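Work through the exercises below with the sequence and the structure at hand. Each task is followed by a solution in steps.

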Amino acid sequence: MPPGILRNSLSIGKVTLGFPARLLIRTKEGQRTVPSSKLDKGEPLTHTALHGCFGCGQHNRTGLRLRFYVDDTGQILSTVRLAGRFEGPPGHAHGGIVATLLDEAMSKTNRAQNIVAMTRHMEVDYLRPVPLRTTLQLTARHLSVEGRKHHCAAELRNAAGELLATGKALFIAIDPARFQASKPSMRAMKS
Ligand SMILES: CCCCCCCC(=O)SCCNC(=O)CCNC(=O)[C@H](O)C(C)(C)COP(=O)(O)OP(=O)(O)OC[C@H]1O[C@@H](n2cnc3c(N)ncnc32)[C@H](O)[C@@H]1OP(=O)(O)O
């Protein structure tokens, strides 16, 4: 059974996103409701093929190692604490890292539907500086699909729920087998 949430919500355009006050999570022992601060106790949305990904790859030691969860409405959720090495303005996150967070979350709205898609176009509104070394809440939702074109939106908030940044993006669905075949070999990448 899919996990579900109780939410505090705000909106981007027509879309309502919200980080839950409490979350119904899946665990090895079954389902239970926990405060959203315990999100990491649930089963994350995984895709083992991308373990080297800078955003979500759990094997990328210099990356963000984000873990994403999906609720019963298809909304993607994650919490993140950014380390000091991701600094841009003093004490705050670099804008490229903020864009990465939003991009990653939006890409998982496709992944949750078993769609493999790449970011073609993305826009970010940087509303407030994003603090380092504090818990942030990341949410994303799939908005619409038109052929291979998937439109998605994401929000980044502080722990108090204040909106720090929003993103919208166009993803294009690709054939993963063709993409894999076109990948340069590890030897070529090292040279
Ligand atoms: C393997 C999965 C990884 C998931 C990671 C997810 C997040 C990421 O960070 S991905 C990394 C960053 N992104 C990239 O590197 C992608 C680089 N770009 C590409 O490889 C290609 O442009 C790719 C695959 C996205 C699309 O190429 P291609 O298949 O040739 O698409 P193309 O035919 O040009 O466009 C598809 C459709 O989108 C439309 N389109 C393209 N750009 C736009 C735009 N900006 N606005 C509106 N429509 C657009 C086109 O008109 C076309 O429409 P239609 O199907 O109606 O004719």
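The structure is a predicted model.

**Exercise 1. The shell around the ligand**

Describe the residues around the ligand by their character, and find which elements supply them.

Step 1. The residues of the shell divide into six nonpolar, four polar and four charged. Together, 14 residues surround the ligand.

Step 2. The closest of them are Ser 107, Met 118, Thr 119, His 121 and Ile 172.

Step 3. At least two residues of the shell come from each of α1 (95-111), β6 (117-126) and β9 (163-173). With four residues, β6 gives the most.

**Exercise 2. The helix α1**

Check the span of α1 against its number of residues, then decide how far the helix is enclosed.

Step 1. α1 has 17 residues, and at 1.5 Å a residue these should span 24 Å; the expected span is 1.5 Å times one less than the number of residues.

Step 2. The end C-alpha atoms of α1 are 24 Å apart, which agrees.

Step 3. A residue counts as buried if 20 or more other C-beta atoms lie within 10 Å of its own. In α1, 13 of the 17 residues are buried, so the helix is largely enclosed by the rest of the structure.

**Exercise 3. The sheet**

Give the order of the strands in the open sheet, and explain why β4 and β6 each have one side without a neighbour.

Step 1. The order of the six strands is β4-β5-β7-β8-β9-β6, with antiparallel pairing.

Step 2. β4 and β6 stand at the edges and have a single partner strand each, so one side of each is left without a neighbour in the sheet.

Step 3. Begin at β4 (residues 69-70), which is joined to β5 (residues 76-81) by two bridges. Tyr 69 has Leu 77 in β5 as its bridge partner. The two strands form a hairpin with five residues between them, and Gly 74 in the turn has a positive phi of about 90°.

Step 4. Next, six bridges pair β5 with β7 (residues 135-146). Here the bridge partner of Arg 81 is Thr 135 in β7.

Step 5. Further along, β8 (residues 149-158) and β9 pair over nine bridges in the antiparallel sense. Glu 155 stands opposite Thr 166 in β9.

**Exercise 4. The annotated span**

Find where UniProt places the feature "domain: Thioesterase", and describe that span.

Step 1. The unreviewed UniProt entry places the feature at residues 91-164.

Step 2. Residues 91-164 are 23% helix and 46% strand, and the end C-alpha atoms of the span lie 15 Å apart.

Definitions and conventions
Residues numbered from 1 in each chain as written. Predicted model: local features only at pLDDT ≥ 70, side-chain atom pairs only at ≥ 80, totals over all residues. Near = placed C-beta within 6 Å. Nonpolar A, V, L, I, M, F, W, Y, C, P; charged D, E, K, R; others polar. UniProt positions renumbered as here; feature names shortened; annotations may be inferred. Pairing = 2+ DSSP bridges. Buried ≥ 20, exposed ≤ 12 C-beta atoms within 10 Å, placed from the backbone.
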